[in-house]
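Student: I should like to understand how the descriptive terms applied to a structure follow from its computed values. May we work through some of them?

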There are 2 protein chains.
Amino acid sequence: MYSSALESEFKKKGLSIGDRVRLKQGTRVYEGLLMPRASKSSTIVIKLDNGYNIGITTSEFELVKKGAKKHQEIPCHDLKGEISILGCGGTISSKVEYTTGAVYPAISPCELKKAFPEIEKIATIRAKQIFALLSEDMNSRHWQIAAESIQNEIKDGAKGVVLMHGTDTMTYTSAAISFMLQNLPVPIVFVGAQRSSDRPSSENEMNLLNAVYAAKSELAEVAVCMHATSNDDFCYLHRGVRARKMHTSARAAFQTINGSPLASVDYKSKTLKQLSPFRKRTDNGSNKLEVDTKINENVALVYVHPNIKPKLISSLSDYDGVVLVGTGLGHVPTNPFGDENAKPILKELEQLVKSGISVVMSPQTICGRLNFNIYTAGRLLGDIGVIGNGADWTPETAFVKLSWVLGHEKNQKKVAEEMMANMVGELSERSEF
Amino acid sequence: MYSSALESEFKKKGLSIGDRVRLKQGTRVYEGLLMPRASKSSTIVIKLDNGYNIGITTSEFELVKKGAKKHQEIPCHDLKGEISILGCGGTISSKVEYTTGAVYPAISPCELKKAFPEIEKIATIRAKQIFALLSEDMNSRHWQIAAESIQNEIKDGAKGVVLMHGTDTMTYTSAAISFMLQNLPVPIVFVGAQRSSDRPSSENEMNLLNAVYAAKSELAEVAVCMHATSNDDFCYLHRGVRARKMHTSARAAFQTINGSPLASVDYKSKTLKQLSPFRKRTDNGSNKLEVDTKINENVALVYVHPNIKPKLISSLSDYDGVVLVGTGLGHVPTNPFGDENAKPILKELEQLVKSGISVVMSPQTICGRLNFNIYTAGRLLGDIGVIGNGADWTPETAFVKLSWVLGHEKNQKKVAEEMMANMVGELSERSEF
């Protein structure tokens, strides 16, 4: 929907979703099909002829040509399939209606069946849109909504849950759900698409069908199901706390960091090939869902770099937690001005820790394990109470875990203990030192 | 050297570098060999029996056993070899003297020859220590010192320059030197080691010898020469503005981002195999070194994440430049609270840009190209003047380039133009869109 002001302007000009419109903004003119919005918007979004959507804020627009017959959502009630598909938005949950060119969230069960008829060969489904956002707009409140929605689906008998999610911050959310929902009785599978379905290179069908297949499997973990290679042949399942998006646009953008994927999945050949150990479903009821969706929104993620200023660190004094993305084995500049007694960055970090803020290290290199024992910088960080020596987490997982731990624990020492205790595979035993 | 207070304490207790000492700090006791320091230090560094160095600040220490004969630097003057080796510090430029266990910077030419006798089979050398820092402590002033030292070596007839550098921030420095010294007449080769030479797994000899071999080659670029694989078989040369450290500890930690390495190098088989196009030496004097070492120290590198606060952005108002490490194709949260008119992060970014600060985007995914044209968030960022649409640089190269461009250019529009103009291979033509 659009803002009420815009909706009334549209009415005046006889404009409906799917119509071809011309917009002016300054000297620039844009033409395309009027797109629907998920939330009240004063920005007009049109699909250009090149397939891209753009959002423009302007009061100058006009009808060029009425669109074809409007999109009709097929009513479809009382569907209670075994696999629950929840829509969070993102590229994957959009589908172009080719008569109008408009993108609709193809998330109602019947829409999904219509868009991807092969789904029914894999599983019976139910589906719900819990919100519709591009994932860069998601925050920890959305993580909570997602966790609660999953919990409800499991209570309601779902034998597996698929989350359709934008790729930008998918692994922040998959990590959050991994901590919020533990001892899982069923698989929770995140799926997205790097290319929207109106582009010939879109991989959303294969990803979604593989995700539904994985949601039926014996896996009882949070996983990310995405293209394994640049061929449309199969997907990898990455552990939710270990997955990372490592390319802006390639289809095979997701990788398992510091480990192998959990499995490869190919719904066509009905194979889920285990590639590393994972938690499994049980029949005896021992996997009883544990829920803790409390989260602390007041955590910063800070990149360490040459010329970083001590005052940047001191400006973090009103956060409850700080995750540093350090250089090398987990370092910050300790002596950047050749004066071993000054250590301005360290002193500011020490102040933060002394004031009760939990400070956690993570690696700028993305891959590998932190180690505070090899160089002086690491030792000094350990001495002032920075958490993370020996951890092999990504910056994003460290950030999400700290936000979650600080949601239920205030005691600094206990926060440190919880951070360094492996909960859901986010920390592995050190293999090297 | 140590602080004068410590030096006088050492004298009182009859302690010299290389002696076995016992330190107490609270209830903890450490024993090892007393190590030398490059700058005045009040932290005592000892080498533990496990080979690791630790730094401890304490006044409780005592002699356990006098060390073996002291390290003697072999005097060696008037050496004017064809390849100049400059030492910046880091793991590679340290060498253990096995009689005492002490690590000395093995950087004088004779020391280098003694440590790595094979060097002479590759090239005649000259060498100089320009500073001795672990690279996490380097800042843009060190980049300038390095650039000026290289310039002097080239003026002085060096046919190639090797920089021994710590790995933590090596690629920040290699990018800085790439911008500061252009139209190179000779190769400038960065080299480091992930494991110190007292560990059996150290790769510093192979890396250094390959770097010297590469410095004799026809390459006329800034390159990083590091282990190619986990076997000790050959090195890759990565373009200085494209290299990135992608693992905390593995020897093959360095990768070329968004491209292939320039070449593989193997001094043993005397091969430098070109893997992608690079600039070459000329005989006609057309490669005449262009020097601009001016740099702006007042640039921030900021990680974008869910729950990022608008006030974090507004707190950047006293920087001259800001590099964002955005999600996906180069995004920030535009509408995290479901209110399309609020856009708090965007508004603060717009304020920064309006106040004259250059704001540049870079990718959190590390790999791939930014694209502001696909999603609304990108378009809005482009509209408010954020720089980087279409760029395929790493966060670190974007940061270094902005620091360098702001060193000589204040006009915001010209800064944007210079940022988006490829100078030394840091931007490639878009291949995809």
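Tutor: Certainly; please bear in mind that this is a predicted model.

Student: Why are H10(A) and H11(A) called oblique to each other?

Tutor: The axes of H10 (residues 395–408) and H11 (residues 412–420) of chain A cross at roughly 135 degrees, coming within 10 Å. Angles of 65 to 115 degrees count as roughly perpendicular and those over 145 as roughly antiparallel; the crossing at roughly 135 degrees falls in neither class, and the two helices are therefore oblique. Their crossing is right-handed.

Student: What makes up the contact between H10(A) and H11(A)?

Tutor: From H10(A), A:Lys401, A:Leu402, A:Val405 and A:Leu406 meet A:Val415, A:Glu418 and A:Met419 of H11(A). By class, this contact has five nonpolar and two charged residues, with no polar ones.

Student: Turning to chain B, which residues of H11(B) are buried?

Tutor: In H11 (residues 412–420) of chain B, B:Val415, B:Ala416 and B:Met419 are buried, a term that requires 20 or more other C-beta atoms within 10 Å of the residue's own.

Student: How do you know that the buried residues line one face of H11(B)?

Tutor: Viewed down the axis of H11(B), they fall within an arc of 100 degrees, so they occupy one face. Their cover includes strand S22 (358–363) and helix H10 (395–408) of chain B.

Student: What does each chain give to the contact between chains A and B?

Tutor: Chain A gives 66 residues and chain B gives 66 residues. On the side of chain B, the largest share, five residues, comes from S20(B). By class, that side has 29 nonpolar, 27 polar and ten charged residues.

How values were computed. Residues numbered from 1 in each chain as written. Chains lettered and ligands numbered in written order. Predicted model: local features only at pLDDT ≥ 70, side-chain atom pairs only at ≥ 80, totals over all residues. Axes fitted to C-alpha atoms, helices over the stretch in contact; angles between N-to-C directions. Helix = DSSP H or I, 4+ residues; strand = E, 2+ residues; numbered from the N terminus. Parallel < 35°, antiparallel > 145°, perpendicular 65-115°, else oblique. Left-handed = near helix turned anticlockwise from the far one by under 90°. Contact = placed C-beta atoms within 7 Å. Nonpolar A, V, L, I, M, F, W, Y, C, P; charged D, E, K, R; others polar. Buried ≥ 20, exposed ≤ 12 C-beta atoms within 10 Å, placed from the backbone. Arc of directions from axis to C-beta.
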